[in-house]
Amino acid sequence: MELRGTIKILDEGYKVGDVVKAKIIVIHKMDTGFTKDKESGKQFPRFYMKEINVAYNGKVIAHFDLDVATSQNPVIQFPFKVTGAGELVVDFINSESDKAQKKVAVTPVG
Amino acid sequence: MERRSFMKGTFALATIGLLNPVLFHHALAAEEAIEMPYKDLIEEYLSGKKATDGSSIMTLNVPEEPENGAVVPVEVTINYPMNTDNYISNITVLTTKNKVNKAISFDLTPENGMAYLYVNVKMGQTQEVVVLAKTNKGQIYKASKSVRVALGGCG
């Protein structure tokens, strides 16, 4: 299954030095390993989004370790301080080591 | 000769029979190990230290009665400086009565500018959300809020 995730900066018209919030949405199952298929009675294996790394202009600023108590299709919001124009690079890694990467440009005003 | 080989065979079978419950028990233990009880998680996080009551600096924005236990928004704001030598280095969100109680662990850096986290948590039953925050000097703050769940969202 293709791993899909996205990142978006929630604030608009921010300047250098401002603290802004960014939102990460991942389309991913968070199977606990305890649920059963209603028809076949088979147990679903544990399968979840495991790790999210956020780098701002090459430097890792945030690291998330997720576990199965997070909702399906996890939504995360986190702050960061704008230090200049550049980009946020997000790496998604799930419990089966599938990887995906997403980028968003940081464009401060003025 | 025939009798001897027959005896050997029965002995072998008997030993397998004795071993079997052991093997079975091991399999069960492995199955249980994937559960993460709240007690173990918090002990691991504190690792011998004591948590300070963080309700004065931590603001938890969690609905008391969410519509659905599968998506409970948890918003944490911590009023703490984020200087390069004194900052919040980790925020962990735990639940208390799920089978697996760890929701998320967020490692912060001073580049974050403020200590804030929003995450969706699932809850199987009425229980508490516990938020733990660790500073770079090792001090741990704890805040919790009880949530009433009518419709569970956790397998």
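The following exchange examines chain A, its contact with chain B, and strand pairing in a predicted model.

In this predicted model, local features require pLDDT of at least 70 and side-chain atom pairs count only at pLDDT 80 or more, while totals for chains, interfaces and linings use all residues. Residues are numbered from 1 along each chain as its sequence is written, and chains are lettered from A and ligands numbered from 1 in the order in which they are written.

Student: Which pattern does chain A follow along the sequence?

Tutor: Helices (H or I, at least four residues) and strands (E, at least two) are DSSP runs, numbered from the N terminus. Chain A has zero helices and seven strands. Its pattern along the sequence is therefore β-β-β-β-β-β-β.

Student: What radius of gyration does chain A have, set against a compact globule of 110 residues?

Tutor: The radius is taken over C-alpha atoms, and the globule rule is 2.2 Å times the number of residues to the power 0.38. The C-alpha trace of chain A spans about 60 × 20 × 20 Å along its principal axes. A compact globule of 110 residues would come near 13 Å, but chain A has 16 Å.

Student: What percentage of the 110 residues in chain A is buried?

Tutor: A residue is buried if 20 or more other C-beta atoms lie within 10 Å of its own, exposed if 12 or fewer, and partly exposed in between, with C-beta atoms placed from the backbone. By that criterion, the buried share of chain A is 30%.

Student: Which element gives the most residues to the side of chain A that touches chain B?

Tutor: Two residues are in contact if their C-beta atoms, placed from the backbone, lie within 7 Å. The contact takes 26 residues from chain A and 29 residues from chain B. On the chain A side, the elements giving two or more residues are β4 (59–66) and β5 (75–81) of chain A. With seven residues, the element that gives the most is β5(A).

Student: Which residue of β5(B) stands opposite F64(A)?

Tutor: Two strands pair if DSSP finds at least two bridges between them. Five bridges join β4(A) to strand β5 (residues 102–108) of chain B, and the two run antiparallel. Opposite F64(A) in β5(B) stands F106(B).

Student: In β8(B), which residue is the bridge partner of T52(B)?

Tutor: Strand β8 (residues 140–147) of chain B is joined by eight bridges to strand β7 (residues 127–135) of chain B, running antiparallel. Two bridges also join β8(B) to strand β1 (residues 52–53) of chain B, and these run parallel. The partner of T52(B) is Y141(B).
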